[in-house]
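Please open the model in your viewer and keep the selection tool at hand. The tour below goes from one bound molecule to the next, with a look at the chains on the way.

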Amino acid sequence: MSGTLNLTLKVWRQAGPSAPGKFEEYAARDVSTEMSFLEMLDVVNERLIVAGKDPIAFDHDCREGICGMCGVMINGAAHGPNQLTTACQLHMRSFKDGDTLTIEPWRAKAFPVLRDLVVERGAFDRIIQAGGFISVATGSPQDANALPIAKQDAEESMDAAACIGCGACVAACPNASASLFTAAKIGHLGLLPQGQPERYRRALKMVAQMDLEGFGGCTLFGECMSACPKGISIDFIKRMNGDFIYASATKRDEQVLLGAG
Amino acid sequence: MLSFWHSSVGKKVVMGLTGLVLVGFVIGHMAGNMQVFMGPERFNGYAKLLKDDLIEITWLVRITLLVSVVLHALAAYQLTMRNWAARPVDYAMREPQVSTYASRTMRWGAVYLFIFLILHIGQFTLGWKWLLPEYTAEGAYGNVVLAFARIQWVVLYLGAMFFLALHLYHGTWAVLRTLGVAQPSAQPLQRRAPLIIALVVTVGFSLVPLGVALGVVR
Amino acid sequence: MKLDSRIPSGPMAGKWDKHRFEMKLVNPANKRKYHIIVVGSGLAGASAAASLSELGYNVSCFAFQDSPRRAHSIAAQGGINGAKNYRNDGDSIQRLFYDTVKGGDFRAREANVYRLAQVSVDIIDQCVAQGVPFAREYGGLLANRSFGGAQVSRTFYARGQTGQQLLLGAYQALEKEIAAGGVKMYSRHEMLDVVTIDGVARGIITRDLVTGKVEAHAADAVVLGTGGYGNVFYLSTNAQGCNVTATYRAYKKGAAFANPCYTQIHPTCIPVAGEHQSKLTLMSESLRNDGRVWVPKRREDCGRKPGEVAEEDRDYYLERKYPSYGNLAPRDISSRAAKEVCDEGRGVGPGGRGVYLDFSDAIGRVGVQGIAERYGNLLDMYQRITDEDPYTVPMRIYPASHYSMGGLWVDYNLMSTIPGLHVIGEANFSDHGANRLGASALMQGLADGYFVLPYTIGHYLASNKFDKVSTDHAEFRSALEGVEQRTARLLGIRGKRTADSFHRELGKILWEHCGMARNEAGLKQALQEIPKLREEFWQNVTVPGSGDSLNQQLEKAGRVADFLEFGELLCLDALHREESCGGHFREEYQEAGEAKRNDEDFCYVAAWEYAGDRSAPVLNKEPLEFESVHLATRSYK
Ligand SMILES: Cc1cc2nc3c(=O)[nH]c(=O)nc-3n(C[C@H](O)[C@H](O)[C@H](O)COP(=O)(O)OP(=O)(O)OC[C@H]3O[C@@H](n4cnc5c(N)ncnc54)[C@H](O)[C@@H]3O)c2cc1C
Ligand code: HEM
Ligand code: HEM
Ligand code: SF4
Ligand code: F3S
Ligand code: FES
């Protein structure tokens with residue numbers, strides 16, 4: 001049940017994108033085990049502000065593990081030690097009294113640091129722009145039930161669609177690769193009949209954009225999968241590679257392949 | 001075609017395919033080497049077979065291997081550079097969660113393998129005297145025995161086998177995913193077959209230097 | 001101020017068709033010439049921006065998060081309604097319309113609600129075509145569930161992440177249009193003012209949250225899809241960034257604010273754990289389909305473990321009070337019922353502010369597996385937060401601020417009282433009257449963005465003449481300076497208290513006096529306390545750092561400042577409405593513990609008009625007529 005902890009925080013502080021950064025140490029006293037990790041940072045910040053110091057900047061919004069805005073490295077693990085848990089859902093009961101927490105921003109060439117723990121993840125949006133959609137203009141579709149979709153396909157597609165775009169996969173990957181994020185979207189759309197017409201085109205374009213953004217390639221370390229708060233499987237990376245190979249081999253990326261694989 | 005080679009996935013696929021060629025070769029090569037234990041006549045005969053009667057095929061194999069190793073190594077180098085460039089500022093602390101030691105040693109282990117390969121071919125095929133003064137083109141068996149009479153060669157080879165084992169353990173698992181052919185599974189990270197391949201190949205290889213060192217093969 | 005609702009004449013079912021035919025069209029060749037600003041990238045904003053761009057308009061879209069995909073719509077769990085009648089269980093456009101009007105306690109505009117029910121059908125088609133992976137039956141057709149007190153199964157869902165999937169659909173459409181060059185996206189930009197020229201909305205002022213640069217943007221029409229103000233209560237199920245700033249600034253520029261006192265308190269949220277609490281997490285209402293709500297009959301039992309309370313000592317109060325709806329009674333009713341039992345001292349958990357939501361019967365019926373399949377991700381979230389296992393120990397829940405029915409007043413064309421300023425989604429006073437039914441906000445946001453605004457905004461553009469305005473027009477400059485001065489002022493105070501501490505205090509006042517139950521004395525007291533608090537804020541808040549870089553405290557302070565003004569408007573509206581209806585419950589006006597409406601005197605929309613900081617806002621009334629659904633006391637007994 002509830003108790004309190006005294007912790008030492010080693011937090012990365014960086015004034016701006018081009019400013020040099022360094023670690024600063026803070027004492028976090030009487031932290032309730034009922035707090036979420038971000039609420040712990042709130043408390044630390046309140047104290048900093050009242051003391052006239054600059055609070056620690058960190059991204060967050062929904063605080064219930066769905067918007068994908070939060071995310072930091074905690075003791076070398078993206079989103080902290082717990083599986084399937086975003087930083088905002090991580091609770092302090094997961095730590096022990098006297099622990100030292102090293103807190104760093106996501107680090108990748110494609111995710112420049114804006115301030116302290118806040119990074120710029122626009123690269124993900126640009127990967128989606130490259131093909132992470134189904135081209136259907138508002139008002140054009142047929143009746144929703146005109147196209148039956150096997151339950152298992154819908155479920156598998158949903159497994160991939162659950163991606164919240166947090167970037168933990170990139171942060172955890174030794175190559176800073178965006179493969180899991182990109183593959184999740186390719187998988188989500190590629191598993192549905194609606195996604196077939198653009199399936200191979202999508203794979204080629206999204207992979208190309210991923211490279212263009214300066215992410216690394218995939219060595220299949222598997223770290224992304226264990227960091228992913230939504231448990232997205234590297235099987236989707238395999239699937240992305242398959243689509244990419246097929247598209248490159250057949251060069252049918254521009255053509256319509258209704259009902260293909 | 002060019003865009004394929006320029007893409008990270010494309011390069012990786014080239015690595016995978018060439019890697020498979022190399023896997024096939026090492027398995028066959030290891031099997032062939034077992035003939036060392038059947039005495040000099042048999043092994044030299046085997047070497048002769050490859051060098052005279054089947055020379056055309058041998059050349060075919062050699063060229064395939066050369067092309068594969070070059071492409072494989074080139075792709076590996078370029079990918080590695082990209083991957084390192086993707087994280088200019090490293091973490092003060094990053095704890096690997098599930099990645100294997102094998103996967104993390106792919107690169108440096110490969111460098112060792114690369115050097116090993118050059119020395120190895122120089123020693124047994126090209127017969128560089130500074131590596132093996134007593135080298136004779138006919139006496140493959142003798143070459144092996146003389147080489148491994150020197151402990152440093154035994155150590156170098158066993159070292160290569162260690163890295164080869166790791167390389168195969170991760171490589172044969174990864175390649176199926178790179179090529180998009182692996183079966184979906186609940187635990188995509190577990191790898192049984194790769195373990196077997198890696199052990200059989202490298203233990204098999206190791207028997208020869210060990211055999212000589214322990215005096216089983218004279 | 002004159003409120004013209006512009007409701008088309010003719011029979012209810014034909015109004016929208018008739019109107020669509022009567023509206024002017026913009027020549028396709030000219031569409032590109034029109035620049036439309038859409039503030040917000042939630043379901044409403046993203047769907048509107050994408051659809052407008054598809055039509056050929058030149059769109060700029062703004063959001064304060066780092067990506068449009070993070071808009072708060074992402075958090076919606078339960079589902080979205082659509083009158084498809086796939087279940088053949090008697091649903092129809094007419095029934096969805098009826099349920100929504102009744103659910104809203106007869107305080108919504110019939111014509112809008114009917115149109116909403118009509119387009120609800122197209123929304124489902126659109127989303128499926130976009131690749132939204134809705135739940136399906138083994139036959140491959142779409143699954144449905146009954147939700148939020150509806151007696152038909154018309155709710156479509158994607159696990160417990162419906163809002164996420166719908167938003168990603170709209171987001172992907174938006175990104176597609178950004179790639180096509182039709183939309184320019186401004187992420188991490190906060191809108192801080194609306195600019196009007198000759199009373200017509202012609203642009204906005206924004207602050208780039210990364211560089212701190214304050215910029216002016218001109219356009220031919222402005223659309224606000226900036227969401228709800230539930231965070232005025234500090235603790236709510238809304239995301240941290242949700243704010244009233246955009247709509248409140250528009251209000252100060254002349255847009256009437258309608259029914260601010262209609263706020264929805266959601267019955268099933270995880271109770272407060274302590275002072276540090278920064279937000280309350282919703283546990284989807286769908287849990288009430290299988291969970292039974294109870295508290296001990298006797299206070300003495302509240303301390304004991306739930307398992308130790310014998311069956312006959314448990315009070316399943318919803319089932320007792322509302323036999324026909326039981327645990328599925330509408331949100332406002334369930335929330336109030338929970339408050340009552342806790343006020344009686346029969347609440348459970350920390351501070352006695354909680355009631356049990358018990359799955360043991362359902363588990364007995366369908367087994368742990370069955371429950372896990374239906375609610376797995378929700379129950380996991382509960383366990384992660386509370387460290388209690390809901391499969392063995394009943395969940396503890398308590399109501400929390402969740403949704404705002406009130407918002408900027410709009411006519412049938414979704415245009416506010418400022419010509420050219422359109423308001424969509426939760427930001428407008430919407431189609432939900434005094435209470436919103438579950439799974440109907442997602443529906444409304446998408447209806448507005450995909451199927452209503454694209455028509456009505458075209459009509460506005462085609463019916464008016466626009467001379468180009470540049471951002472060095474005097475109005476733009478003064479608005480820009482205004483924003484810069486305010487920023488400088490906030491940074492200059494350097495007091496002793498954080499913006500959060502003021503927000504927390506404001507929330508306490510409102511929750512206490514203007515929450516689930518309200519009364520004259522309490523509201524008057526709140527109206528005393530809020531100005532005092534605001535006073536102190538401008539004396540004593542401290543905002544560290546500078547304005548020319550990423551400064552989250554500055555953003556926060558600006559939002560709190562607006563909440564401190566808006567909270568007063570909220571209480572004023574609540575005080576003036578001397579009746580109980582939907583989410584607005586005035587203790588003085590009840591009958592046997594049930595809300596008592598006063599249709600003689602209050603069957604209208606209260607649209608508040610800003611009249612300067614010195615004088616009180618002016619009340620304008622839009623009378624509500626009910627032709628199709630007859631005014632009746634809402635009973636769920
Ligand atoms: C936890 C939760 C669960 C819910 N579940 C359901 C459900 O199951 N079914 C249902 O129908 N409804 C549900 N709702 C309600 C529904 O989610 C919301 O009403 C709806 O998503 C609002 O959408 P929106 O587009 O109007 O606003 P939002 O999605 O809130 O989007 C607001 C947008 O405006 C932008 N913005 C805001 N202010 C500014 C500013 N000043 N400057 C620039 N940009 C700004 C934001 O960046 C954001 O992009 C739920 C709500 C919550 C909180
Ligand atoms: C010549 C020296 C070699 C070098 C420099 C080298 C380098 C590498 C590297 C760096 C990788 C990982 C690449 C990545 O995924 O990022 C790799 C993968 C691989 N290597 Fe090698 N290697 C060499 C020799 C071999 C040999 C001898 C074999 C076979 C016996 C082999 C088989 C493989 C396989 C199968 C993979 C997996 C490829 C994939 O994941 O698709 N390699 N190699
Ligand atoms: C302990 C292990 C090994 C032993 C004892 C061994 C032995 C030999 C011998 C005796 C030859 C000469 C054959 C001949 O020319 O008659 C040879 C050739 C060769 N070996 Fe090995 N080898 C070993 C491991 C390896 C490994 C691990 C690789 C590759 C990764 C390898 C690659 C080659 C190649 C490419 C040739 C040249 C084949 C040719 O003639 O074209 N060997 N090896
Ligand atoms: S794949 Fe997982 S880790 Fe990567 S962005 Fe999506 S949710 Fe985050
Ligand atoms: S960790 Fe990186 S290397 Fe591939 S499997 Fe995941 S992206
Ligand atoms: S704050 Fe939204 S996922 Fe953590």
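Which atom of ligand 2 does a polar side-chain atom of T219(A) lie 2.9 Å from? The partner is an oxygen atom of ligand 2, and the pair counts as a polar contact, defined as two N or O atoms within 3.5 Å, where within protein one must be able to donate a hydrogen and the other to accept it, and residues adjacent in sequence count only if both atoms are side-chain atoms.

Before going further, note that this is a predicted model, in which local features need pLDDT of at least 70 and side-chain atom pairs count only at pLDDT 80 or more, while totals for chains, interfaces and linings use all residues. Residues are numbered from 1 along each chain as its sequence is written, chains are lettered from A and ligands numbered from 1 in the order in which they are written, and side-chain values use heavy atoms, with hydrogens and water left out.

**Ligand 2**

Stay with ligand 2 and select the residues near it, meaning those with a heavy atom within 4 Å: there are 22, of which T219(A), K12(B), H72(B), H167(B) and T178(B) are the closest. Because the surrounding residues come from chains A and B, the site is shared between chains. On the chain B side, an N or O atom in the side chain of H72(B) is 2.7 Å from a nitrogen atom of ligand 2, and a polar side-chain atom of H167(B) lies 2.6 Å from a nitrogen atom of the ligand.

Colour the shell by class, with Ala, Val, Leu, Ile, Met, Phe, Trp, Tyr, Cys and Pro as nonpolar, Asp, Glu, Lys and Arg as charged, and the others, Gly among them, as polar; the shell of ligand 2 then shows 13 nonpolar, seven polar and two charged residues.

**Chain B**

Now show chain B as a cartoon, taking helices (H or I, at least four residues) and strands (E, at least two) as DSSP runs numbered from the N terminus. Chain B has nine helices and zero strands, and its C-alpha trace spans about 55 × 40 × 35 Å along the principal axes. Select α2 (8-33), α4 (55-85), α6 (106-124) and α8 (151-178) of chain B, each of which supplies at least two residues of the shell around ligand 2.

**Ligand 5**

Move next to ligand 5 in chain A, where the surrounding residues include C173(A), C218(A) and C224(A). The shell around ligand 5 has seven nonpolar, three polar and one charged residues.

**Ligand 1 and chain C**

Then centre on ligand 1, which has 37 residues around it, with Q65(C), H72(C), S73(C), M191(C) and E426(C) coming nearest. Three oxygen contacts can be displayed here: 2.7 Å to an N or O atom in the side chain of E426(C), 2.9 Å to a backbone N or O atom of A441(C), and 3.3 Å to a polar backbone atom of G225(C).

The shell around ligand 1 divides into 15 nonpolar, 19 polar and three charged residues. Among the elements of chain C that each supply at least two of its residues are α3 (43-55) and α11 (441-463), while β6(C) gives the most, with three residues.

Finally, zoom out to chain C, whose secondary structure comes to 16 helices and 21 strands, and whose C-alpha atoms fill a box of roughly 75 × 60 × 50 Å, taken along the principal axes.
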